[in-house]
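Work through these exercises with the sequence and the model open side by side. Try each task before reading its solution.

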Amino acid sequence: MKSSADAAAGTENHEMRRSLKTRHLSMIALGGSIGTGFLIASGSAIATAGPGGALVVYALMGIMVYFLMTSLGEMATFSPTTGSFVTYSADYVDPAFGFAMGWNYWFNWTITITVDAVSCGVVMNFWFPHLPSWIFSSVVFVLIALINWLSVKSYGETEYWLSFIKVVTIGFFLVVGFLVIFGIMGGHSAIGLKNFTYKQAPFVGGFPSMFAVFLVAGMSFQGTELVGITAGESADPRHAVPKAIHSTFWRILLFYLLSIFVMACILPYTDKNLLSSSVKDVSMSPLTIVFERAGLAAAASVMNAVIFTALLSAANSGLYASTRMLYTQAKEGFAWKIFGYVNKRGIPIYAMVGTMMISLAVFATQFLGKEAYNYLINASGLSGFIAWLGIAVAHYRFRRAYVKQGRKLSDLKYKAALFPFGPIFAFILCLIAVGGQNLEAFAKLDWENILITYMSVPLFVILYIYYKVKYKTKLIPLAEVDLEAHRD
């Protein structure tokens, strides 16, 4: 019998296709975390905490992400599913937890699509200042919709090459940066490490300043969890996911720490350019400044193109992730069944159209009033950290249930490192990052600022309580966790 969704569509519900290759997953995970947060705002970490403080925070955040990704890797190789940590949250913790986690993550990416599309328009004004930015934003919406509509493979190939551009740019930046540090480029003598001991450096402002940098560092790493979602459409997830997670983590950590090191060597923490975090002024990107000091005249234009690529990549991945999340919500019974329909090309087409409609509605709010648009953006601010918290909780419960039910750890295709320390460490660090987003507002009892900063937290709690009260769900006992629920 056909479901109501099939009847509405007038056709059969097809299956999602596993057509993403290992190289797609590796590059998606690697490139997905290299966004504008790193290309533009990373300099603010050095300005706030100094070179030493920035390196310590990025290293800590990298270790936390490592544990989160290995946790996700263990679950994704055991039970690869497009729902990823949302499905695991519902299966291993509580259906209400999965319900809230899914809508939180969908909401986050749906708004992020709009933010990235708007930013693309702003970046294009660098070359076309007399044209309205909304024209370019609209073109981006059409482009990512077309890419995601064609096939899963078209998304994978597009994301592979967009990510490749970012990775090559960072590699080139590191080479040029070290040549500047050693005085080979830039027309001056070797800089060495003198900026590491300039004035109050290497640690500026002590622990409070490092604490303030946690958000910048965390936002830089967000997107790595996409590898868990793509696992559901990978041709060989049990081989591809562990490989992608391990290789990607070390390359990301290497890229990030070396890049921060190069920036800190060349630019003193007092350099006002490091404080910029807006795509409106690409000339203030620390990468642009380093290229310019190396004597590369076209640095601003090149970096503007790379930043546009990063934004387009983020919007493209955002539509993919949010579409799969809405599809998962429908399959789990958390959303209308029609969103669980898959067309002949393996695309959850109604989930994609529904997501695009909401993103366009958010996009339209900026013309109605900037305040409404800004509130929607702020509402998704901590959603990424909440998703990471969910990964840690789901993995902790999964491993305990796995052992409780008498299964052998040696049977797992991939085991996360240092359990239970890994998920507990990641959970605590995420909780600190969420709670400490705006301590200054708490100190001043600025309730409006507190509400704007932490808006995503009460939204998550409301969703959780709503489902829990309506369906009277409980924490699933470890012995009753259905470990085979979504295995193929």
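A salt bridge here is a side-chain nitrogen of Lys or Arg within 4 Å of a carboxyl oxygen of Asp or Glu. Keep in mind that the model is predicted.

**Exercise 1. Salt bridges**

Task: Decide what joins the side chains of K468 and D94, and state which parts of the chain the pair ties together.

Solution:
- Step 1. Take the N to O distance. For K468 and D94 it is 2.5 Å, and the side chains meet in a salt bridge.
- Step 2. Place the partners. K468 lies in helix α20 (residues 456–471), and D94 lies in the loop between α5 (84–92) and α6, so the pair ties together parts that are 374 residues apart in sequence.
- Step 3. Check the burial. D94 is buried, at a relative accessible area of 1%. K468 is partly exposed, at 24%.

Task: Do likewise for D271 and R293.

Solution:
- Step 1. The closest N and O atoms of D271 and R293 are 3.2 Å apart, and the two residues form a salt bridge.
- Step 2. D271 sits in the loop between α11 (237–266) and α12 (286–293), while R293 is in helix α12, so this pair ties together parts 22 residues apart in sequence.
- Step 3. D271 counts as buried at 13% relative accessibility. R293, at 35%, counts as partly exposed.

**Exercise 2. Two contacts of R399**

Task: Find which side chain meets R399 in a salt bridge, and over which ring face R399 lies.

Solution:
- Step 1. The salt-bridge partner is E74, at 2.7 Å from N to O.
- Step 2. This pair links distant parts of the chain: R399 is in helix α16 (residues 383–404) and E74 in helix α4, 325 residues apart.
- Step 3. Both R399 and E74 are buried.
- Step 4. R399 also lies over the face of F419, 4.6 Å from the ring centre.
- Step 5. Set R345 beside this case. Its charged end sits over the ring of W149, at 4.3 Å from the centre.

**Exercise 3. Aromatic pairs**

Task: Classify the ring pair of W103 and W106 as stacked or edge-to-face.

Solution:
- Step 1. A pair of aromatic rings is described by the distance of the centres and the angle of the planes.
- Step 2. The model has 41 aromatic pairs. In the pair of W103 and W106, the centres are 5.4 Å apart and the planes stand at 90°, so the pair is edge-to-face.
- Step 3. Both residues lie in helix α6 (residues 95–124), three residues apart, or about one turn of the helix.
- Step 4. W103 is buried at 19% relative accessible area, and W106 is buried at 11%.
- Step 5. Y160 and W161 form another edge-to-face pair, 5.0 Å centre to centre with 85° between the planes. Y160 is buried at 15%, but W161 is partly exposed at 48%.

**Exercise 4. Helix and core**

Task: Test how well the span of helix α13 agrees with its number of residues.

Solution:
- Step 1. Helix α13 (residues 299–331) has 33 residues, which should span 48 Å at 1.5 Å a residue.
- Step 2. Its end C-alpha atoms are 48 Å apart, which agrees.
- Step 3. Of the 33 residues of α13, 27 are buried, so the helix is largely enclosed by the rest of the structure.
- Step 4. Just after α13, G333 takes a positive phi of about 85°.

Task: Name the helix that gives the most to the largest nonpolar core.

Solution:
- Step 1. This core has 150 residues, and L39 is among those with the most contacts inside it.
- Step 2. Helix α4 (residues 42–78) gives the most, with 18 residues.
- Step 3. Look around L39. Residues it touches include I34, I170, M303 and V306.

Technical notes. Residues numbered from 1 in each chain as written. Predicted model: local features only at pLDDT ≥ 70, side-chain atom pairs only at ≥ 80, totals over all residues. Heavy atoms only, no water. Phe/Tyr/Trp six-rings, centres within 6.5 Å; stacked < 30°, edge-to-face > 60°. Helix = DSSP H or I, 4+ residues; strand = E, 2+ residues; numbered from the N terminus. Buried < 20%, exposed > 50% of the residue type's maximum accessible area, 1.4 Å probe, protein only. Lys NZ or Arg CZ within 6 Å of the ring centre and 35° of its normal. Expected span 1.5 Å × (residues − 1). Core = buried A, V, L, I, M, F, W, Y, C linked by side-chain atoms within 4.5 Å. Contact = heavy atoms within 4.5 Å. Lists of a residue's contacts leave out its neighbours within four places in sequence.
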